[in-house]
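Subject: Structure handover

Hello,

I am passing on the structure we spoke about, with some notes to read beside it. Please have it open while you go through them.

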Amino acid sequence: QVQLVESGGGLVQAGGSPRLSCVASGRFASINVMGWYRQFPGKERESVASIISGGSVNYGESVKGRFTISRDNAKNTVYLQINILKPEDTAVYYCNARVFRPLMARWDDYWGQGTQVTVST
């Protein structure tokens, strides 16, 4: 099992630059992929950004150029730096961890509880 705890959300003014953090704990040798998703009211959860243990990153088209994902493997922590926050960024942001279990030959997905980011104008 992997537990994920997000922090850094809240009410933020438009144009601001909040940083979300997610700390992983539990039973794992390493986390292969860590990422951030967000969910708008009444919508499906969408991928924002992901980063593999070696450092390669991927971003959703809507956030390229404004969001930066990074991770500290020693601290089992992933960060999401949001720049030039816009009202349309208001959503619940979820941390995700994907762990490969070699003995069972499968990938396990874990989710944080989510952190609300609300952009004020």
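A place to start is Ser7, whose bridge partner in β3 is Ser21. Please keep in mind that this is a predicted model.

The pairing around Ser7 and Ser21 belongs to a longer contact: β1 and β3 are joined by six bridges and pair in the antiparallel sense. Strand β3, residues 19-26, also pairs with strand β8, residues 77-82, through five bridges, and these two run antiparallel as well. On that side, Cys22 stands opposite Val78 of β8.

These strands are part of an open sheet of four, in the order β1-β3-β8-β7, with antiparallel pairing. The edges are β1 (2-7) and β7 (67-72); each has a single partner strand, so one side of each has no neighbour in the sheet. From one strand to the next, the twist averages 15°. As background, strands of a sheet pair through backbone hydrogen bonds, either parallel or antiparallel.

The two faces of β1 can be told apart. Val2, Leu4 and Glu6 make up the covered face, while Gln3, Val5 and Ser7 make up the uncovered one. This follows a general pattern: in a regular strand the side chains alternate between the two faces of the sheet.

Next, the core. Which residues touch the most other members of the largest nonpolar core? They are Leu4, Trp36, Leu80 and Tyr93, in a core of 28 residues. At least two residues of this core come from each of β1, β3, β4, β5 (46-52), β7, β8, β9 (91-101) and β11 (115-120). Strand β9 gives the largest share, five residues. In general, nonpolar side chains in soluble globular proteins tend to be buried together.

Leu4, on the covered face of β1, shows how far such contacts reach. Leaving out residues up to four places away in sequence, Leu4 touches Cys22, Val23, Ala24, Met34, Cys95, Asn96, Ala97, Tyr110, Trp111, Gly112 and Gln113.

Val78, in strand β8, is worth a look too. Is Val78 buried or exposed? Its relative accessibility is 0%, so Val78 counts as buried. With neighbours within four places in sequence set aside, the residues in contact with Val78 are Leu20, Ser21, Cys22, Met34, Trp36, Ile51, Ile69, Ser70, Arg71 and Cys95. For one of these, Leu20, the C-alpha atom is 8.3 Å from that of Val78, and the two residues are 58 apart along the chain.

Now the aromatic rings. How many aromatic pairs does a search of the whole structure find? There are two. In one of them, the ring centres of Tyr37 and Trp111 are 4.8 Å apart and the planes are at 70°; edge-to-face requires over 60 degrees, so this pair is edge-to-face. Tyr37 is in strand β4 (residues 33-39) and Trp111 in strand β10 (residues 106-111), so this pair links distant parts of the chain, 74 residues apart. Both rings belong to partly exposed residues, with relative accessibility at 24% for Tyr37 and 36% for Trp111.

The other pair is Phe100 with Trp107, which is tilted, at 5.2 Å centre to centre and 55° between the planes. Phe100 is partly exposed at 35%, and Trp107 is partly exposed at 42%.

Arg45 appears over two rings. It lies over the face of Tyr94, at 3.6 Å from the ring centre. Arg45 also lies over the face of Trp111, at 4.7 Å from the ring centre.

Last, two backbone points. Most residues other than glycine have a negative phi. Asn76, in the loop between β7 and β8, has a positive phi of about 50° although it is not a glycine. Asn76 counts as partly exposed, at 27% relative accessibility. Ala105, in the loop between β9 and β10, also has a positive phi, near 50°. Ala105 is exposed, with a relative accessible area of 59%.

Regards

Technical notes
Residues numbered from 1 in each chain as written. Predicted model: local features only at pLDDT ≥ 70, side-chain atom pairs only at ≥ 80, totals over all residues. Heavy atoms only, no water. Pairing = 2+ DSSP bridges. Axes fitted to C-alpha atoms, helices over the stretch in contact; angles between N-to-C directions. Phe/Tyr/Trp six-rings, centres within 6.5 Å; stacked < 30°, edge-to-face > 60°. Buried < 20%, exposed > 50% of the residue type's maximum accessible area, 1.4 Å probe, protein only. Lys NZ or Arg CZ within 6 Å of the ring centre and 35° of its normal. Contact = heavy atoms within 4.5 Å. Core = buried A, V, L, I, M, F, W, Y, C linked by side-chain atoms within 4.5 Å.
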